[in-house]
Protein chains: 4
Amino acid sequence: MKFAVRSHLSYHIAADSTLIFNIAVCNNSVQKILQEDLQIEGAADWDQQTSGELDNRYVRVNAPPGQVRIRYKATVELNAIEQSPQAIAEVPPAQLPLEVLPYLYPSRYCESDRLLRFAETEFGELVPDYSRVTAICNWIYENVVYLSGSTSPHTSAFDTATERAGVCRDFAHLAIAFCRALNIPARFVSGYAYDLHPPDFHAYFEAYLGQAWYLFDATRLVPRTGLIRIGTGRDAADVSFATLFGPVTMETMDLQVDCLTPGERPQLSDGAIAFVESSRDSI
Amino acid sequence: MKFAVRSHLSYHIAADSTLIFNIAVCNNSVQKILQEDLQIEGAADWDQQTSGELDNRYVRVNAPPGQVRIRYKATVELNAIEQSPQAIAEVPPAQLPLEVLPYLYPSRYCESDRLLRFAETEFGELVPDYSRVTAICNWIYENVVYLSGSTSPHTSAFDTATERAGVCRDFAHLAIAFCRALNIPARFVSGYAYDLHPPDFHAYFEAYLGQAWYLFDATRLVPRTGLIRIGTGRDAADVSFATLFGPVTMETMDLQVDCLTPGERPQLSDGAIAFVESSRDSI
Amino acid sequence: MKFAVRSHLSYHIAADSTLIFNIAVCNNSVQKILQEDLQIEGAADWDQQTSGELDNRYVRVNAPPGQVRIRYKATVELNAIEQSPQAIAEVPPAQLPLEVLPYLYPSRYCESDRLLRFAETEFGELVPDYSRVTAICNWIYENVVYLSGSTSPHTSAFDTATERAGVCRDFAHLAIAFCRALNIPARFVSGYAYDLHPPDFHAYFEAYLGQAWYLFDATRLVPRTGLIRIGTGRDAADVSFATLFGPVTMETMDLQVDCLTPGERPQLSDGAIAFVESSRDSI
Amino acid sequence: MKFAVRSHLSYHIAADSTLIFNIAVCNNSVQKILQEDLQIEGAADWDQQTSGELDNRYVRVNAPPGQVRIRYKATVELNAIEQSPQAIAEVPPAQLPLEVLPYLYPSRYCESDRLLRFAETEFGELVPDYSRVTAICNWIYENVVYLSGSTSPHTSAFDTATERAGVCRDFAHLAIAFCRALNIPARFVSGYAYDLHPPDFHAYFEAYLGQAWYLFDATRLVPRTGLIRIGTGRDAADVSFATLFGPVTMETMDLQVDCLTPGERPQLSDGAIAFVESSRDSI
C-alpha cells in the first residue's frame, strides 16, 4: 500500500538554538520512499544524517532568533509481510543474536529490572511464543486507561505499571519493559499512523521473535498495516521527534497521513496477523 | 485466651544516644494486661508515656556509651470478638466519623494517591463490604512473594505494587494503600504474634468497616486470634519498635510468645471470621 | 493586627458526592476569631467538626448533582509573639515532648528517611538552633525555583530535592523533610496569606525549637505576620483545603485577605524575628 | 605501560542457563592486547563476539547444571595520551557529531531529564570546558559517601543525587547524568583497575569534549593511567560484567591487576591531566 505523509511544524526561537528532528521516514526493504521533500525556513544552517545501525534519520537545525518552519512530506510504499503467528516462537538467550541483546537491557523509560516478578506473575506461565506478547498487549489494553495529559515526559513503565493511565508512548514503554523482563528483546518505534485521530506522531513497539522483529501496538488505536516508521530505539529517549537545545517553543504542529492505493485501506486486523521485515532490517 | 509475651533486646551504644521503643503491649478493652515487667540496664535515664489517641506506649531511653539491655514481659488476656463478616459493610465518606478520616489519606509508605486506578481496576467492581478487603488480602497473598531481605526500610506500597516481593510490613502497607485508594480507612498495627517462625515483631492492618476497626493479615503467616497489639498508626513510620538517635547498633533480639490457656490454641481461621474491638478503642 | 479573610468556592457535582473542606480558620490563643460566617448552597446536608489535637476544622458537605457554593468569611485578630531568635535552641530527642515525636517521622510528601545524608551534608555542621532552620529556608529559596504548574499533587520532597522547582507546598515539604532528617520536629501549615498575588491558599511550615512551634516560609512570598492559619498537619495530605469524593469539578475559587488595623500592615521581616504561640497551642 | 590482568570467576548452575560475560579487555589504538587467554570449564558450548560500534566483547556461555569456571588473563599495553586540559572546550549541540548524540539522552541509571535544574543550579555558571566536568567530579566526591553495600543494582543517579551514598557505578552514573543535563555527552566505562583494594571490576566515565572522549573518575580511588577498559556503554545496563539467565549463583570472584613496566607505576595525577583516545576510537 502507498501512503502520503506530511508534517508541518513551527517553532518560536528566542535565542540561538539547535533543534534535532526525527521526523523523516525510514527507508528500508519493507518501507520504500518513492518521493520526499523537506523544506526548512528560518535556519542559519542545517544538516541531515542517517545513524548507522538503525537507519534513523536526524535533521539538525541551527537557528537564530525568530521562527523556524519545517515542512516535510513523503510518499512511501509499505510492504509489510503478514505471517501466521502460530509458528513464531520466542528465542532463548542461548540463541539470541548478540546484536539484539541491548534490547533485553533496561532503559530510561523501561525499567524491566524492577518488573521481573510482576511480569513473571502475570505472564510467566504463558506459552513462550508470539501469543505471549499479544497477551502483554491485551493486559495493557485492559488495565491501562488511554488518557491524554495523564502523564509527563518523565513518566516511565514503572510508573505506568501502577498508575494505570497514559498515552501511546507509555503503552509502548510498559509493553517493552514486560517483554524484556521475560527475556524477550523489545524496542520502541515512532511513526506516522494512518487513521489516527487527532493526527499526531505515534509510538508502538517491536518484539524479537523467531528471527525477526514483529510489530505490536497495545493501544489498538490504528491498524498496524498503516504504520509508517520514523525511528527505532531503546525507548522514547532515542527517537523523540524533536529534541530542543535552547529557548525554543513549539507553535504549531500539523500532521496528515493519506492512503494512496485505490480501493485498499489498512484494516484493524485481529491479533492473529504478524508483520515482519526482511533479515537485514531486522537487526 | 491468655498469652505470655517476652522480648529481650540489646544494643551497642558508641556515644550518648536516645532510643525510643514501642514494644510494650497496648492495654484496652479487648486486650488486658494482667502482669507486666520492664527492665532496662545501661540507661542514664528513661521515661515511659502513652500517647493520647491511640494508646501507643513509648519508652524513651537515654544512654551513655556501652550496652543497653531491655527485658520486657507481659501476660495478656485477649478477648477478640468474632463476628460473621456477612453484615459488615463499608462506610461511605458521607458517614465516616471525622476521626477516621486521617486513615483515608496517603502516608509515607502507603501512597494511595498513586494507586487509585490500580485499586479501581482490580477491586472497583467488588461488593463494598468486608469481602472486598478480604479480596485485597487474597490478591496480595497471590501476587506478592514473602521474601526476607527483599526490601528495605525505604520500601513503600508503590514499590511493592510493582516489585511484588516483601515482608510483613510491605504486605500491610500495600493492603492499606489499596484500601485507602478505595475510600476504606485503613491503619497499620504492630504486634507480637503467636506461632510466628522465626519469632519476630509482626505487622498487619485494620480496616474501618461497619462501626469498627477489623483486623486483617495478608501474609497468612499466623492466626489472627494470636496477635497481641503493640502500636497502631498510619504506617510503619508511626510504630517502629525501635527508633534510634545516635550511633546505636542492635546486638541481639529475642522474642517469645506462649499461649497460656490450657487446651486452647489460636487457629488459622478461614476468611469468614472477623475480630472487632469495642467502640471506645475503635477510634 | 486584625484581618478579614474570605473564600468563595464553587463546584460542579455530576453525581451524589461528599466534599470535605478545611477552609475555616483556626481559633486559638494567638489567632482569635472575632466574627465568622459560613454559607453553603446546594448541599443535601453538611456538618462541621473540630479535630481533637490540632484544632483543625472540617466541614463535610454531602451534595446531590448540581452546583455547590461555599462562602466563608471571618474576622481574625492575630497576636503573634515576636522573639529574638538568638536564644532559641534545637531540642535533642532526649528531651523532646513525646507529643511532637510524630513530626520527626517521615510522611507521604516528606520522605526525611531518604534525605538523611543530603541534610547532613548541607546542614549538618551548622549551629543547632533557630538559625539552622533559617539556613534550610535560605537554601531552598536559592536552589529551588518557584514555578506554577511545575509540580503535581503527587510531588514529594524527594522529587523536589532533585528537580528543584515547585510551589509553596513543595517548598514547605522539602523544608519539613530537611528538618526531620536533622531531628528537628516540623509540621505543615495551610493558611490564608495577606498580600499574596494572585490570592490563593498558602502553605508554610513550623519547626519545634525551644519549647514552641516557630513559623517559617521558604518562599519569601508574603510577610509571616500576615499568615492566618487554617490547618496543621504532617504534610499536605492532612490539610488539603478540599478533599473530594465523587465526580466533582471545581468551577471557581475566589479568595481575599484584608488588613483591618488602621495604619498597620504586615511587613516582610528580616530573618531575625520569630513567631511563637503560647504553650497550649504549641503541641 | 604494560599491565597483566586476570579474572577468575565461578558460578553454581542449578539448571540449564546462559551467562553473558563482558570481562575481556577492549582492543583499540590506545590499549593493545599483547597476549590473551580465556579458559571456560563446565560449559555445554560458548561463543565470543565483538559488538560493532563500541568494540565491546561478549562471551556467551550455555551451561548445564553444575559449576562453570571462567579464567581470563591478558597482557595489555596502555598508551593513554596525556594532554593539558586548558584548551579542551565543550562542544555545543550545533556542532556535536551525530554519533555522540545518544550519549546526551537519559538512560536507565542516568535520568538526566530529571536533573536539569539541579545541574544548572550547581554547575550552570561554570566555564564550559574540561574544568566543568572536573567540578562535577569534585562535587560528587565531596557530597557523596563511598559506602559498600549502600546501594542496589536498581539504584540510579536520581536516587544518588539525594541519598548521597554509593559505590563506583553510582558515582559514574551521577556524573554522567549531570554531564548530559548540561548537554555534555557522557558514557559509562567498565574496566580493570590497577591498585584498587579490594580488587574488583571498576566503573568510571568519559565525557565528550573537544573532539574526543576524556576519562574521568569521581571516586578518586585509583590512578586513571592504570584503568584498563573492558566495555563502554550508556550506563551499567550495557556493560554488566555478567548477565545471568537462569538459576545461577556466583561462587567466587578473584581479580588481579599487575603493572609489568619496570620502574614505572600509575600515579594519582592532579586534575590537570587528560587522557584521550585517537579519533577512530573516540566515537
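Tutor: A definition to start. Angles under 35 degrees count as roughly parallel, over 145 as roughly antiparallel, 65 to 115 as roughly perpendicular, and the rest as oblique. Keep in mind that this model is predicted.

Student: How are α2(B) and α4(B) oriented to each other?

Tutor: Helix α2 covers residues 130-143 of chain B, and helix α4 covers residues 168-181 of chain B. Their axes come within 10 Å and cross at roughly 140 degrees. That angle fits none of the parallel, antiparallel or perpendicular ranges, so it falls into the rest. The two helices are therefore oblique.

Student: Is the crossing of α2(B) and α4(B) left-handed or right-handed?

Tutor: The crossing angle alone is roughly 140 degrees. The sense of the crossing of α2(B) and α4(B) is right-handed.

Student: Which residues of α4(B) make the contact with α2(B)?

Tutor: Take the α2(B) side of the contact to begin with: B:Val133, B:Ile136, B:Trp139 and B:Ile140. Facing them, α4(B) supplies B:Phe171, B:Leu174, B:Ala175, B:Phe178 and B:Cys179.

Student: How many residues of the contact of α2(B) with α4(B) are nonpolar?

Tutor: Sort the residues by class. There are no polar and no charged residues in this contact. The nonpolar ones number 9.

Student: Now the sheets. Which strands stand at the edges of the sheet β4-β5-β2-β14 of chain B?

Tutor: This is an open sheet of 4 strands, paired antiparallel. An edge strand has a single partner, so one of its sides is left without a neighbour in the sheet. In this sheet of chain B, the edge strands are β4 (45-50) and β14 (242-245).

Student: By how many degrees are neighbouring strands of this sheet turned against each other?

Tutor: Follow the order β4-β5-β2-β14 in chain B. Direction is ignored, and the value is an average. Neighbouring strands of this sheet are turned by 15 degrees.

Student: In β5(B), what is the bridge partner of B:Ile20?

Tutor: Strand β2 spans residues 17-21 of chain B, and strand β5 spans residues 57-63 of chain B. They pair in the antiparallel sense over 5 bridges. Across from B:Ile20, the partner is B:Arg60.

Student: Which are the edge strands in the sheet β3-β6-β1-β15 of chain B?

Tutor: This open sheet also lists 4 strands, with antiparallel pairing. The twist from one strand to the next averages 10 degrees. The strands that pair on one side only are β3 (31-41) and β15 (248-259) of chain B.

Student: Which residue in β15(B) stands opposite B:Ser7?

Tutor: Strand β1 of chain B covers residues 2-13. It runs antiparallel to β15(B), and 11 bridges join the two. In β15(B), the residue opposite B:Ser7 is B:Leu255.

Student: What kind of axis relates chain A and chain D?

Tutor: Chain A can be laid on chain D with an RMSD of 0.0 Å. That takes a turn of 180 degrees and a shift of 0.0 Å along the axis. The two copies are thus related as by a two-fold rotation axis.

Student: Which residue of chain A comes closest to the rotation axis?

Tutor: The same surface serves both copies, as 100% of the contact residues of chain A recur in chain D. At the axis, look for a C-alpha 1.8 Å away. In chain A, that residue is A:Arg108.

Student: In chain D, which C-alpha is nearest the axis that relates chain D to chain C?

Tutor: A rotation of 180 degrees with 0.0 Å of shift superposes chain D on chain C, with an RMSD of 0.0 Å. The copies meet through the same surface, because 100% of the interface residues of chain D are also interface residues in chain C. The C-alpha nearest the axis is 3.3 Å from it and belongs to D:Thr162.

Student: How far apart are the closest C-alpha atoms of chain A and chain C?

Tutor: No contact joins chain A and chain C. Their closest C-alpha atoms lie apart by 10 Å.

Student: Where is C:Pro198 found?

Tutor: The peptide bond from C:His197 to C:Pro198 is cis, with omega near -10 degrees. C:Pro198 sits in the loop between β10 (186-193) and β11 (202-209) of chain C.

Student: What is phi of A:Arg164?

Tutor: A:Arg164 lies in the loop between α3 (157-163) and β9 (165-166) of chain A. The residue is not glycine, yet its phi is positive, near 65 degrees.

Conventions: Residues numbered from 1 in each chain as written. Chains lettered and ligands numbered in written order. Predicted model: local features only at pLDDT ≥ 70, side-chain atom pairs only at ≥ 80, totals over all residues. Heavy atoms only, no water. Least-squares fit on C-alpha atoms with pLDDT ≥ 70 in both. Contact = heavy atoms within 4.5 Å. Pairing = 2+ DSSP bridges. Axes fitted to C-alpha atoms, helices over the stretch in contact; angles between N-to-C directions. Left-handed = near helix turned anticlockwise from the far one by under 90°. Nonpolar A, V, L, I, M, F, W, Y, C, P; charged D, E, K, R; others polar.
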